[in-house]
Amino acid sequence: MQIPNATSSFSGFGLDNRMLLAIDKLGFETPTPVQQQAIPAVLDRKDCLVSAETGSGKTAAYLLPTLQHLLASTAKPLGIQALILCPTRELAQQIFGQCQQFSEFTPLKTGLITGGSDFKKQQAALTHNANIIVATPGRLLEHFQLSTAYFQQLSLLILDEADRMLDMGFSDDVLKIVEQCNKQRQTLLFSATLTHFGVIKIADKVLKNPKVVALNTLHDVHSNITQHLILADDHDHKLKLLANLLTHKSFDKALVFTNTRLRADELHNSVRGAGLRSGLLHGDMDQKDRNRIMALYRDGTINTLIATDLAARGLDIKGINLVINFDIPRNGIDYIHRIGRTGRADELGVSIALVKSTEWNLMAGIERFLKQKFIRRTIKELEGSYKGPKKLKTSGKAAGSKDKNEPAKKAVVKKIKVRERDKKNVGKRRVPSEKPATE
Ligand code: AMP
């Protein structure tokens, strides 16, 4: 078939001409915000965690770079290269439809595996004629009764509407399927919200060092987690506040986060010195020690765990109803991961952030990212002198707190931005741009 040259601002991504032609045929002129951010990351072979709602153009945001990878792979495709899991038949049909449209001018074949349609035809797609499979988890697992070897050559796994999939009770099914997929694959997780406990848990399990694309969409509040903030004068003041909270607050299990292993060691010693039942969990400990500490924490022998972010990934323990951020995390997503350890399903939880003056702006950025104001509280006998910045910008950050190097830093950032813009040159934008959330 003669493929005419296609022109489109999608060409800035370096997509195959056959896809650009299909995009033109569909009348897409400009990438939507989620496409602008996710497509380059997926093309870069990064695992991605993306917050995107239906209607944002999320399907094309993962389909286009997926098809690009498949078309660019020089090796003759063996078996199924991409698997897209989604919660409902209707959505699967829509994705299947879009996939066929985008791949119309290519030799790639897509198979649809959902309940209510012909099992034998689906078997054929699985065993010999599809490069891409769009499926709902339940029906796909029925096919696993015949074989589980379909996805051993998989290059890409995409979990679409992960939050809905989990709400519909597919968590175990999804994990069973993921287990049968090639371990060297790239994984993309799309969800309307990133603050969903199940999503956090599954993201920990299936994604490796993901690029987070968090658009200003929905970061819905954990309605069962009350989020507090206590101002602290300095490090020593924080240590006193921590000891007070762990001694006087009632909780079943408390989890205290630090940004570094050294700080975790220090807190652990300090808390143990105060006679509290605490354990330490950080990435440098060997697995045997970690398992031992986890068992003690799980069975309640110790009721406080001091942990770093890395160590707490995947931590799924019942009864954690107090999370203390001794150090403020570096960004909003880490914050969500931390507080998501409490307030599971039907449990209630409290999170408390200890904030000193140098952490104010970081905390304000997180509040803005979550579109939430944390409840300010004090501990009467430990009230400090720091009351927050005298003047605030509209962003909630401290006014006039620029450091001396700020103009130089800004100049560097500007240069990088100009370079990136020149490199990408993604063309004019038809859809109004959505600002990425502050992190
Ligand atoms: P989705 O969020 O993936 O369900 O997409 C919502 C609708 O937007 C679908 O009908 C797509 O065909 C359409 N769409 C996706 N990307 C674009 C784009 N860049 N320009 C115009 N329409 C788009």
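Reader: Which residue is the bridge partner of Val-50 in strand 6?

Author: In strand 6, Val-50 has Phe-190 as its bridge partner. Do keep in mind that this is a predicted model, where local features need pLDDT of at least 70 and side-chain atom pairs count only at pLDDT 80 or more, while totals for chains, interfaces and linings use all residues. Residues are numbered from 1 along each chain as its sequence is written, and side-chain values use heavy atoms, with hydrogens and water left out.

Reader: What makes strand 1 and strand 6 a pair?

Author: Four bridges join strand 6 to strand 1 (residues 48-51), and these strands run parallel. Two strands pair if DSSP finds at least two bridges between them, so four bridges are enough. The strands themselves (E, at least two residues), like the helices (H or I, at least four), are DSSP runs numbered from the N terminus. Strand 5 (residues 156-159) is also joined to strand 6 by four bridges, again in parallel, and there Leu-157 stands opposite Thr-187.

Reader: Why is strand 6 called largely enclosed?

Author: Buried means under 20% relative accessible area, exposed over 50%, and partly exposed in between (1.4 Å probe, protein chains only). Six of the six residues of strand 6 (residues 186-191) are buried, so the rest of the structure largely encloses this strand. Both of its faces are covered, with Gln-186, Leu-188 and Phe-190 buried on one side and Thr-187, Leu-189 and Ser-191 buried on the other. This fits a simple rule: in a regular strand the side chains alternate between the two faces of the sheet.

Reader: Where does strand 6 sit in its sheet?

Author: The order of this open sheet of seven strands is 3-4-2-5-6-1-7, with parallel pairing, which places strand 6 between strands 5 and 1.

Reader: What makes strand 3 and strand 7 edge strands?

Author: Strand 3 and strand 7 (211-214) each pair on one side only. Elsewhere in this sheet, four bridges join strand 2 to strand 4 in parallel, and Leu-85 has Ala-135 in strand 4 as its bridge partner. Helix 3 (residues 58-72) lies across strand 2, strand 4, strand 5 and strand 6, at about 170° to strand 6. That angle is taken between N-to-C directions on a scale from 0 to 180 degrees, using lines fitted to C-alpha atoms, for helices over the stretch in contact.

Reader: Why is helix 6 also described as largely enclosed?

Author: Six of the eight residues of helix 6 (residues 137-144) are buried, so the rest of the structure largely encloses this helix. The buried ones are Pro-137, Arg-139, Leu-140, Leu-141, His-143 and Phe-144. Among the elements covering them are strand 2 (82-85), helix 5 (119-129) and helix 8 (171-179).

Reader: How do you know whether Thr-258 is buried or exposed?

Author: Thr-258 has a relative accessible area of 0%, which is under the 20% limit, so Thr-258 is buried. Thr-258 is found in strand 9 (residues 253-258). Contact means heavy atoms within 4.5 Å, and beyond its neighbours within four places in sequence, Thr-258 is in contact with residues including Arg-263, Leu-267, Asp-327 and Arg-338.

Reader: What makes the approach of Thr-258 to Thr-260 a polar contact?

Author: A polar atom of the Thr-258 side chain lies 2.9 Å from the backbone oxygen of Thr-260. A polar contact is a pair of N or O atoms within 3.5 Å; within protein, one must be able to donate a hydrogen and the other to accept it, and residues adjacent in sequence count only if both atoms are side-chain atoms. The 2.9 Å distance is therefore inside the limit. At the start of helix 14, a side-chain oxygen of Asn-331 comes within 2.8 Å of the backbone nitrogen of Asp-334. Helix 14 (residues 332-339) is mostly covered, with eight of its eight residues buried.

Reader: Which sheet does strand 9 belong to?

Author: Strand 9 is part of an open sheet of seven strands in the order 10-11-9-12-13-8-14, with parallel pairing. Its edge strands are strand 10 (278-281) and strand 14 (375-376), as each pairs on one side only. Five bridges join strand 9 to strand 11 (residues 304-308) in parallel, with Leu-255 partnered by Leu-305. Helix 11 (residues 261-273) lies across strand 9, strand 10 and strand 11.

Reader: What is the mean pLDDT of the protein chain?

Author: The mean is 86, and 85% of the residues reach 70 or more, where pLDDT is the predictor's confidence in each residue, from 0 to 100. Over residues 1-8 the pLDDT is below 50, and residues 426-439 are also below 50. Where pLDDT is low, the predicted coordinates should not be read in detail.
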